[in-house]
Every structure is written in structure tokens, then in C-alpha cells.
Amino acid sequence: MAGRLAAAVRLRTVSVDGQPDAAAAEFLKLHDWLAASYPQAHAALRRETVGGYSLLYT
């Protein structure tokens with residue numbers, strides 16, 4: 001668990017006011033990382049992308 005958290009926080013997902021796409025590549029890497037790291041949750045939950053890069057799982 002700690003290893004996964006450590007990997008996630010290495011991604012530089014910092015939003016910059018007025019520059020919504022400044023960290024786009026890092027957010028997309030996080031999306032891919034989440035799917036690869038939690039395949040069962042990713043398969044079982046519905047994922048919505050909100051505002052371009054935020055994820056909402058239901």
C-alpha cells in the first residue's frame with residue numbers, strides 16, 4: 001500500500017490557476033497509473049472525467 005502511494009505522489013499533478021492544461025501530461029499519467037494499479041476497482045466502477053482531468057468514480 002505504501003509503495004503505491006509513494007508512486008502516486010511522484011506524479012506532479014499540480015494545477016495552475018489560469019493554465020488548465022499545464023500539467024495535462026502528468027494527470028493523464030495518473031489516470032493510467034490508477035487503472036494499472038487498481039485493475040479490479042477500475043473494472044468494477046464507472047469512471048467519469050470531469051473538467052478535463054479530474055476523475056469521479058461511482
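**Exercise 1. Find the aromatic pairs in this predicted model and say how each is arranged.**

*Solution.* Start with a search of the whole structure, which turns up 2 aromatic pairs.

Step 1: take Phe27 and Tyr53. Their ring centres lie 6.0 Å apart, with 25° between the planes. Planes under 30 degrees apart count as stacked, and the Phe27–Tyr53 pair is indeed stacked.

Step 2: place these two rings on the chain. Phe27 belongs to helix H2, while Tyr53 sits in the loop between strand S1 (47–50) and strand S2 (54–57). The partners are 26 residues apart, and the pair links distant parts of the chain.

Step 3: turn to Trp33 and Tyr38. Here the centres are 6.0 Å apart and the planes meet at 80°, so this pair is edge-to-face. The cut-off for that label is over 60 degrees.

**Exercise 2. Decide whether Phe27, Trp33 and Tyr38 are buried or partly exposed.**

*Solution.* The cut-off you need is that buried means under 20% relative accessible area.

Step 1: Phe27 has a relative accessible area of 15%, so Phe27 is buried.

Step 2: Trp33, at 18%, also counts as buried.

Step 3: Tyr38 comes out at 29% and therefore counts as partly exposed. The edge-to-face pair thus joins Trp33 to Tyr38, a buried ring to a partly exposed one.

**Exercise 3. Describe the surroundings of His31 and Leu34 in helix H2.**

*Solution.* Work through one residue at a time, leaving aside neighbours within four places in sequence when you list contacts.

Step 1: His31 lies in helix H2, which covers residues 24–37. Its relative accessibility is 6%, so His31 is buried.

Step 2: the contacts of His31 are Arg47, Tyr53 and Leu55. Tyr53 is familiar from the stacked pair with Phe27.

Step 3: Leu34 is also placed in helix H2. With 22% relative accessibility, Leu34 counts as partly exposed, because the buried class stops under 20%.

Step 4: Leu34 is in contact with Leu55 and Tyr57. Leu55 therefore appears in the contact lists of both His31 and Leu34, where a contact means heavy atoms within 4.5 Å.

Step 5: add a C-alpha distance. Leu34 and Arg4 are 30 residues apart along the chain, and their C-alpha atoms are separated by 9.5 Å.

**Exercise 4. Work out which residues His42 touches, and where His42 lies.**

*Solution.* Step 1: His42 is found in helix H3. Its relative accessible area of 28% makes His42 partly exposed.

Step 2: not counting residues up to four places away in sequence, His42 touches Ala35, Arg47 and Tyr57. Arg47 is also a contact of His31, and Tyr57 is also a contact of Leu34.

Step 3: from C-alpha to C-alpha, His42 and Tyr57 are 8.6 Å apart in space, with their places 15 residues apart in sequence.

**Exercise 5. Summarise the whole chain and the confidence of the prediction.**

*Solution.* Step 1: count the elements. There are 3 helices and 2 strands, arranged along the sequence as α-α-α-β-β.

Step 2: check the extent and burial. The C-alpha trace spans about 35 × 25 × 15 Å along its principal axes, and 19% of the 58 residues count as buried.

Step 3: look at the confidence. The average pLDDT is 88, and 100% of the residues score at least 70. Among the elements, helix H1 (residues 2–9) has the lowest mean, 80, and helix H3 (residues 39–44) the highest, 95.

Terms used: Residues are numbered from 1 along each chain as its sequence is written. This is a predicted model: local features need pLDDT of at least 70, side-chain atom pairs count only at pLDDT 80 or more; totals for chains, interfaces and linings use all residues. Side-chain values use heavy atoms; hydrogens and water are left out. Helices (H or I, at least four residues) and strands (E, at least two) are DSSP runs, numbered from the N terminus. Buried means under 20% relative accessible area, exposed over 50%, partly exposed in between (1.4 Å probe, protein chains only). Rings of Phe, Tyr and Trp (its six-membered ring) pair if their centres lie within 6.5 Å; planes under 30 degrees apart count as stacked, over 60 as edge-to-face and the rest as tilted. pLDDT is the predictor's confidence in each residue, from 0 to 100.
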